[in-house]
Amino acid sequence: MPDPLRDDIRLLGGLLGSVLREAGGQDLLDDVERLRELTIRAYGVDDGGAALAEAADVVAGYSLERAEQVARAFTCYFHLANLAEEYHRVRVLRIRESEAGAAIEESLPAAFTQLAEEVGREEALRRLGELEFRPVLTAHPTEARRRAVSGAVRRISDLLSERDTLHPGGTSRTENERRLLAEIDTMWRTSPIRAAKPTVIDEVKTAMGVFDATMFDTFPEVYRRLDDWILDGEAGRTPPVAKPFVFLGSWIGGDRDGNPNVTADVTRQAATLAAEHALTALENAAVATGRKLTLEEASTPASAELKALWQQLRQLSDELTAKAAADSPNEPHRAAVLAIAGRIRATRTRDADLAYQVPEELEAELRVVQESLVAAGANRAAYGDLQRLVWQVQTFGFHLAELEVRQHSQVHAAALDEIAEKGVHGELSDRTREVLDTYRALGAVQKRFGERAARRYIVSFTQAPEHLAAVYQLAELAFDGTDDAPVVDAIPLFETFADLENSVDILEAMLEMPQVQKRLEQNGRRVEVMLGYSDSSKDVGPVAATLALHKAQSRIAQWAQKHDITLTQFHGRGGALGRGGGPANRAVLAQPPHSVDGRFKLTEQGEVILARYGNPTIAARHIEQVAAATLLASAPSTEERNASTAERFSGVASALDASSRARFHELVQSEGFPQWFSQVTPLEEVGLLPIGSRPAKRGLSVNSLDDLRAIPWVFSWSQARINLAGWFGLGTALKSFAEGEGSLDELKAAYTEWPLFGTLLDNIEMSLAKTDERIAEQYLALGDRDDLADMVLTELRLTREWVLKITGNEWPLASRRVLGRAVQLRSPYVDALSLLQVRALRALRTQGASEGLTVDDGEWVDGGYKDRWQHLLLLTVNGVSAGLQNTG
């Protein structure tokens with residue numbers, strides 16, 4: 001571990017120890033330390049499990065109250081370790097950038113340089129101008145950390161950062177440590193579990209907090225850094241080369257698939273709340289920009305166009321312009337921008353006389369000010385903060401993020417059937433009325449904030465062209481066929497293995513729809529297709545799903561080329577490896593030829609939002625890495641490599657696909673598997689955790705995997721330290737291929753040469769590094785199916801063995817020194833929480849063995865202990881999530 005990071009963790013760990021001693025006495029700290037020392041001693045020791053058994057005995061001896069305190073202590077430790085690691089990453093990034101300049105590895109300047117060498121500078125600039133990165137924020141319930149805890153984490157992180165600028169000794173460092181103790185004490189005393197499930201609007205507010213804290217300022221900062229590098233000494237004096245390429249989307253308040261809490265009214269509220277934040281941020285930025293433009297008329301005269309704009313503003317409001325003029329005597333550019341800020345405020349408060357109708361109107365007025373400054377020779381003022389404001393208007397508009405609607409295809413089909421029977425004005429069910437009201441909400445949002453604010457309509461489980469046609473039919477029915485219907489683009493979401501196989505046939509039929517043909521004429525023949533990683537993985541296993549998705553992307557890209565369509569493939573990826581997680585930039589560079597073409601869109605889900613965008617330095621780095629990969633994905637060298645290696649190793653792909661899928665189905669299609677899965681993981685209890693507005697299951701019980709959403713499927717396996725959703729089936733597939741039609745050498749060649757396979761194995765190696773066979777055995781023992789438990793453990797050992805053979809590592813992540821060491825150092829602490837979780841699960845699964853349970857007239861009576869056991873279990877779920885990090 002790097003010395004600065006080690007010092008930070010020791011400091012925070014020591015302060016946490018002081019807090020524990022103050023809050024619970026020396027006995028509490030001693031109990032925590034004893035368990036910590038035992039799990040560290042047990043980790044990686046081949047002693048027949050004796051050390052781990054001793055740790056389990058210690059856990060078994062805790063009272064319920066002590067068990068809860070210990071669980072909270074380890075959870076607090078992980079929050080502190082996480083923020084220390086995050087801050088150290090920021091520290092390292094700053095050092096690298098100061099030493100290497102802008103063109104550090106995986107940066108946009110580095111990508112542009114490579115692309116220019118391959119296609120020429122002019123072509124590289126053209127492609128840069130068409131670059132698009134579209135992250136879509138979603139509220140999937142994988143962020144187990146409360147907002148109150150997140151706030152404490154951020155304050156502690158700021159105090160940790162402050163220490164780097166303080167001199168050793170003296171009162172300033174002492175004061176910093178006092179404040180750190182106070183914040184850690186607050187974190188310790190704050191309940192890690194929400195009292196109630198968040199509402200959809202709560203989830204919107206959480207996302208808005210990230211926008212306010214980082215996104216609004218960070219996105220234009222990325223553009224600025226790129227512009228500085230391309231223009232070098234001319235940057236800030238000439239028109240910028242960099243154009244906005246990051247455009248936010250959001251499902252929060254629009255995704256109603258399986259979430260009855262998302263209604264038409266909620267969709268309107270979500271759009272209004274986002275606009276409120278966007279317009280407030282733009283108003284504040286305009287005021288700050290205007291106040292700096294203290295350029296007097298004599299040195300920087302206003303152009304004729306600026307004078308004409310001023311007269312137009314006076315006609316709109318004498319009061320507004322009089323105040324701006326009084327605040328800016330003989331400073332026409334300052335006065336104009338302050339008046340523009342007033343118009344932004346009027347747009348937010350819905351003052352019809354002063355409000356802008358569309359963001360393009362605001363941008364046009366800012367351009368008049370900018371051109372006037374250039375004409376007067378004040379280029380640096382024109383292309384400084386004012387240009388930053390222009391970029392913010394172009395990026396966020398008045399809506400901040402495009403609100404996307406998602407609904408299940410069967411809901412549409414049922415609505416159309418009911419309308420056909422009863423008529424659109426008949427006595428319709430609440431669900432059908434809600435479907436129609438959704439379109440009316442879209443119309444209202446578009447009318448107020450523009451077409452960009454909400455027009456994408458995603459159809460979950462698109463399995464036939466009729467499922468897309470239904471979107472347009474329902475829009476017409478909602479507005480009785482009038483011209484008031486909103487602009488809508490139906491976007492298919494192909495999720496299961498069969499849907500991916502049939503995707504091109506469905507898209508072919510889609511092109512024949514009159515509504516689609518009309519939209520293609522209007523939008524320059526642009527089409528979006530969404531691919532689901534989670535359900536396909538739950539359907540056929542992680543290996544077969546990865547290969548099926550890659551194959552589908554290639555076929556869809558060829559289809560788009562055939563029809564002269566500008567295609568955007570939308571990747572529904574989660575944070576966990578079983579849901580398409582892993583480094584996004586590496587995933588982009590492994591895509592088939594023409595499946596990216598300078599456009600990349602993906603979901604940013606749950607915990608990933610804070611991890612990637614919570615810190616401005618990390619957010620800028622993430623954006624640059626993904627944008628750089630998106631730019632390079634279409635480089636001739638990248639496309640040739642991906643095409644040639646995919647063809648060369650197609651036999652490997654076919655063999656791994658078939659054998660991994662067969663092995664996965666052998667497990668999940670076993671009789672009683674869903675019920676056993678519920679027994680050996682905290683699946684049912686995860687559903688009790690108030691971490692999201694969306695239900696964890698599609699029905700009341702889990703009688704088949706179809707009843708279960710992909711997120712709790714992945715989340716529950718990670719809690720049980722098995723991570724089955726990320727690797728199961730691979731070991732059998734690798735062994736079968738190497739000992740059958742192929743060889744180990746061929747697999748090694750595929751790993752080093754084929755980007756898709758290399759990325760797959762590296763991600764699975766990460767998943768394996770976070771598994772623990774000894775802990776997993778304790779979870780599997782909670783069930784009554786030794787055959788299924790043996791199958792899981794056998795496949796785990798086989799997968800680990802063959803992945804290490806191919807990568808050449810002695811242990812998972814051995815070649816990734818910093819990351820591998822970090823996982824190793826965390827694992828014993830996660831083990832402590834897992835032992836507490838197993839104890840709670842065992843008490844809940846076997847009532848007679850639970851302390852505090854008694855028999856009354858032949859019935860078990862828990863005396864309130866069941867709720868306590870569930871509370872302990874939920875505490876450990878929070879802690880394990882914090883320890884493992886990419887869990888959802």
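Leu-166 is buried, with a relative accessible area of 19%, where buried means under 20% relative accessible area, exposed over 50%, and partly exposed in between, for a 1.4 Å probe and protein chains only. The model is predicted, so local features need pLDDT of at least 70 and side-chain atom pairs count only at pLDDT 80 or more, whereas totals for chains, interfaces and linings use all residues. Residues are numbered from 1 along each chain as its sequence is written, and side-chain values use heavy atoms, with hydrogens and water left out.

Leu-166 sits in the loop between α6 (147-163) and α7 (170-189). Helices (H or I, at least four residues) and strands (E, at least two) are DSSP runs, numbered from the N terminus. Apart from neighbours within four places in sequence, Leu-166 is in contact with Ser-172, Arg-173 and Asn-176; contact means heavy atoms within 4.5 Å. Between the C-alpha atoms of Leu-166 and Asn-176 the separation is 9.0 Å, and the two residues are 10 residues apart along the chain.

A second buried residue is Arg-66, with a relative accessible area of 17%. Arg-66 belongs to helix α3 (residues 64-100). When residues up to four places away in sequence are not counted, Arg-66 touches Asp-27, Leu-28 and Asp-31.

The strands considered here form an open sheet of nine, in the order β3-β2-β1-β9-β8-β7-β6-β5-β4, with parallel pairing. Two strands pair if DSSP finds at least two bridges between them. The edges are taken by β3 (402-403) and β4 (405-408), each with a single partner strand, so one side of each has no neighbour in the sheet. At one edge, β3 pairs in the parallel sense with β2 (residues 249-250) over two bridges, and Gly-249 has Glu-402 in β3 as its bridge partner. Helix α18 (residues 465-478) packs on the sheet, where it touches β5 (456-460) and β6 (489-494), and its direction makes about 150 degrees with that of β6. Axes are lines fitted to C-alpha atoms, for helices over the stretch in contact, and angles run from 0 to 180 degrees between N-to-C directions. Helix α19 (residues 497-510) lies across β6 and β7 (526-532) and runs at about 160 degrees to β6.

Strand β5 has β4 as a parallel partner, joined by four bridges, and Arg-406 is bridged to Ile-458 in β5. Four bridges also pair β5 with β6 in the parallel sense; here the partner of Arg-456 is Asp-489 in β6. Five of the five residues of β5 are buried. Both faces of the strand are covered, with Arg-456, Ile-458 and Ser-460 on one side and Tyr-457 and Val-459 on the other. Together, β5, α18 and β6 make a right-handed β-α-β unit. A crossover is right-handed if, with the strands pointing away from the viewer, the path from the first strand over the helix to the second runs clockwise.

The largest nonpolar core has 151 residues, and those with the most contacts inside it are Phe-133, Phe-245, Tyr-439, Met-510 and Trp-559. A nonpolar core is a set of buried Ala, Val, Leu, Ile, Met, Phe, Trp, Tyr and Cys residues joined through side-chain atoms within 4.5 Å. Helix α8 (residues 200-231) supplies the largest share of this core, 14 residues. Beyond four places in sequence, Tyr-439 touches several residues, including Tyr-457, Ala-470, Val-471 and Leu-474. Another core, of 124 residues, lies apart from the largest one and has Leu-38, Phe-649, Phe-677 and Val-792 among its members.

The whole structure holds 25 aromatic pairs. Rings of Phe, Tyr and Trp (its six-membered ring) pair if their centres lie within 6.5 Å; planes under 30 degrees apart count as stacked, over 60 as edge-to-face and the rest as tilted. The ring centres of Phe-112 and Trp-229 are 6.1 Å apart and the planes stand at 80 degrees, so this pair is edge-to-face. Phe-112 in helix α4 (residues 108-119) and Trp-229 in helix α8 are 117 residues apart, and the pair links distant parts of the chain. Phe-112 counts as buried at 2% relative accessibility, whereas Trp-229 counts as partly exposed at 29%. Trp-676 and Trp-717 form a tilted pair, 6.4 Å centre to centre with 50 degrees between the planes. Trp-676 lies in helix α28 (residues 673-680) and Trp-717 in helix α30 (residues 710-719), so the pair ties together parts that are 41 residues apart in sequence. Both Trp-676 and Trp-717 are buried. Ring pairs join these two residues with Phe-664, Phe-673, Phe-677 and Trp-713 in a cluster.
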